[in-house]
Amino acid sequence: DRQNSTLSRKTIFKIVVLGESGVGKTSLLERYVTDRFSMLYKATIGADVMTKNIELENHRVVTLQLWDTAGQERFQSLGTCFYRGADCCILVYDVGIPQTFENLDVWRREFLLQAGIEPTQIEHFPFIVLGNKVDKEDRAVTRKMGETWCQQHGNLPYLECSAKDDKNVKTAFLMAAELIDSRR
Ligand code: GTP
Ligand code: MG
């Protein structure tokens, strides 16, 4: 029995990273997967996929399939094929740019729609919200604002992070993996 349940468990966790262009989605993934960071901006075209194996708290090893999507408007029609089958969605905004925060709900709703999440499952779907670039001196969106938004949208987990300073990056992806695993 125990072996059966182990075998039937999913070992590939699909995680989709969404948010406005320039908030740092690619930078967070690059920091996480290759531990590098660059100040140069190169827009993502369509989407890129990276994988990384991690060990969960229960010592099971799983593969994270990380989907780095494009924030630019002209790529949005591609959403359907990228979002389908996602096990978790990470919503990212830039704490220095209010408009990226104000648009979070658009990204969230578009994801639910295009990923084909059943209405009854919406409140159970694992989202994580990241306020990125907290290393910036000119901050416009406070931690309180981020936390309040998350409370109002179903008590979603919220983390403040920085791809530049490597703050809360590992924690965010580990949290995503544990959230996915806890629902199986
Ligand atoms: P699209 O691919 O167009 O959707 O953008 P993106 O969300 O992937 O943004 P990207 O990771 O390319 O980062 C955009 C710019 O922000 C780059 O110049 C990065 O160097 C910078 N950046 C990313 N993360 C941070 C951070 O934590 N702190 C600071 N200060 N800059 C960052
Ligand atoms: Mg990108």
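Does Ser38 count as buried or exposed, and how many C-beta neighbours lie inside 10 Å? The legends below go through this predicted model view by view, starting with that residue.

**View 1. Ser38 sits in a loop after helix H2.** Here's the answer to the opening question: Ser38 has 12 C-beta neighbours inside 10 Å, and since 12 or fewer is the cut-off, it counts as exposed. The loop in question runs between H2 and strand S2 (47-55). For a sense of distance, take Val129, which is 91 residues away from Ser38 along the chain. The C-alpha atoms of Ser38 and Val129 are separated by 22 Å.

**View 2. Ligand 1 sits within a shell of 22 residues.** Gly24, Thr26, Ser27, Thr44 and Gly71 are the closest of them. Sort the shell by class and you get eleven polar residues, six nonpolar and five charged. Which element gives the largest share of this shell? That's helix H2 (residues 25-34), which puts in three residues.

**View 3. Helix H2 packs against helix H7 (residues 169-182).** Two numbers do the job for a pair like this: packed helices are described by the angle between their axes and the distance between the axes. For H2 and H7, the angle is about 90° and the axes are 9 Å apart. An angle of 65 to 115 degrees counts as roughly perpendicular, so that's the label H2 and H7 get. On the H2 side, the contact is made by Leu28, Arg31 and Tyr32. H7 brings Val169, Lys170 and Phe173 to the contact. By class, that's four nonpolar residues and two charged ones, with no polar residues in the contact of H2 with H7.

**View 4. The whole protein, with seven helices and six strands, puts the close-ups in context.** Reading from the N terminus, the elements go α-β-α-β-β-α-β-α-α-β-α-β-α. The radius of gyration is 16 Å, close to the 16 Å that the globule rule gives for 184 residues, so the protein is as compact as a globular protein of that length. Along its principal axes, the C-alpha trace spans about 55 × 35 × 30 Å. Buried residues make up 35% of the 184 residues. How about contacts across the sequence? Among those between residues at least 6 apart, 73% join residues at least 24 apart.

Note on methods. Residues numbered from 1 in each chain as written. Chains lettered and ligands numbered in written order. Predicted model: local features only at pLDDT ≥ 70, side-chain atom pairs only at ≥ 80, totals over all residues. Near = placed C-beta within 6 Å. Helix = DSSP H or I, 4+ residues; strand = E, 2+ residues; numbered from the N terminus. Nonpolar A, V, L, I, M, F, W, Y, C, P; charged D, E, K, R; others polar. Rg over C-alpha atoms; globule rule 2.2 N^0.38 Å. Buried ≥ 20, exposed ≤ 12 C-beta atoms within 10 Å, placed from the backbone. Contact = placed C-beta atoms within 7 Å. Axes fitted to C-alpha atoms, helices over the stretch in contact; angles between N-to-C directions. Parallel < 35°, antiparallel > 145°, perpendicular 65-115°, else oblique.
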